[in-house]
Amino acid sequence: MHISSAHWRAGAAALLLAGLACASHAQYSTGGAYNTGGARPHRPGEAQAEGPQAPRVQSRWEQVSRRLFDLRVALQITREQGPAWENFRGRFLDMATSGPAGQRIVDEQTAKDAFQYLLADAQRRSNMLATLDATAQVLLAQFSPEQMQIADRALPGLLADYGGSR
């Protein structure tokens with residue numbers, strides 16, 4: 001049987017495309033925190049479940065950043081909404097990953113110092129949440145009804161997980 005060069009090129013191209021499709025599919029996960037069925041690309045430095053190495057523990061910043069990335073994909077943030085999203089994302093990461101204002105030294109504190117420390121930390125967090133709320137209101141005002149439904153399902157849980165009192 002003789003294969004013409006045109007058929008040979010078509011077959012080689014089909015094999016190449018199939019190989020690329022398989023490699024591309026291996027880089028993406030299906031599903032996600034918001035069960036949208038969308039895919040999320042593998043990020044460099046991110047632990048994979050495959051192989052002999054155990055996955056590394058992600059930092060709080062990485063965990064929050066990943067959840068926000070998944071939410072952005074689920075919301076299908078448009079180019080026009082991008083600046084408001086990035087502002088919200090930055091403020092949310094600041095709020096979610098900030099620890100207490102200063103180092104707590106319980107043994108050396110007086111009762112008055114301990115209360116002042118708690119008050120100062122609560123005021124700092126209140127200011128951060130007020131700023132986050134302002135940026136969220138700007139973003140939410142730009143959402144379509146479909147995006148708002150997704151946000152209404154996702155944001156309360158995200159805030160409960162990362163915005164609660166510590």
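In this predicted model, Phe88 and Phe92 both lie in helix α3, and because they are four residues apart there, about one helical turn separates them. Their rings have centres 5.8 Å apart, with the planes at 45°. Planes under 30 degrees apart would count as stacked and over 60 as edge-to-face, so this pair is tilted.

Phe88 has another aromatic partner in α3. Trp85 and Phe88 are three residues apart in that helix, so they too are separated by about one helical turn. Here the ring centres are 5.7 Å apart and the planes meet at 50°, which means that this pair is tilted as well. The count of aromatic pairs comes to two, and Trp85, Phe88 and Phe92 form one aromatic cluster.

How exposed or buried are these residues? Trp85 and Phe88 are both buried. For Phe88 the relative accessibility is 4%, and for Phe92 the value is 0%. Buried means under 20% relative accessible area, so Phe92 counts as buried, and so does Phe88.

The three aromatic residues also belong to a wider nonpolar assembly. The largest nonpolar core has 23 residues, and Trp85, Phe88 and Phe92 are among those with the most contacts inside it, together with Leu68, Leu71 and Leu75. Which helices supply at least two residues each to this core? They are α2 (60-75), α3, α4 and α5 (145-162). Helix α3 gives the largest share, seven residues.

The surroundings of Phe88 can be listed residue by residue. With neighbours within four places in sequence left aside, Phe88 is in contact with Leu68, Leu132, Thr135, Ala136, Leu139 and Leu155. Of these contacts, Leu68 is also one of the residues with the most contacts inside the core.

Past the end of α3 the chain enters a loop. Ser98 is found in this loop, between α3 (82-97) and α4 (111-141). Is Ser98 buried or exposed? Its relative accessible area is 16%, so Ser98 is buried. The side chain of Ser98 reaches back to the backbone oxygen of Met95, at 3.3 Å. A polar contact requires a pair of N or O atoms within 3.5 Å, and the distance from the Ser98 side chain to the Met95 oxygen is 3.3 Å.

Key: Residues are numbered from 1 along each chain as its sequence is written. This is a predicted model: local features need pLDDT of at least 70, side-chain atom pairs count only at pLDDT 80 or more; totals for chains, interfaces and linings use all residues. Side-chain values use heavy atoms; hydrogens and water are left out. Buried means under 20% relative accessible area, exposed over 50%, partly exposed in between (1.4 Å probe, protein chains only). A polar contact is a pair of N or O atoms within 3.5 Å; within protein, one must be able to donate a hydrogen and the other to accept it, and residues adjacent in sequence count only if both atoms are side-chain atoms. Rings of Phe, Tyr and Trp (its six-membered ring) pair if their centres lie within 6.5 Å; planes under 30 degrees apart count as stacked, over 60 as edge-to-face and the rest as tilted. A nonpolar core is a set of buried Ala, Val, Leu, Ile, Met, Phe, Trp, Tyr and Cys residues joined through side-chain atoms within 4.5 Å. Contact means heavy atoms within 4.5 Å.
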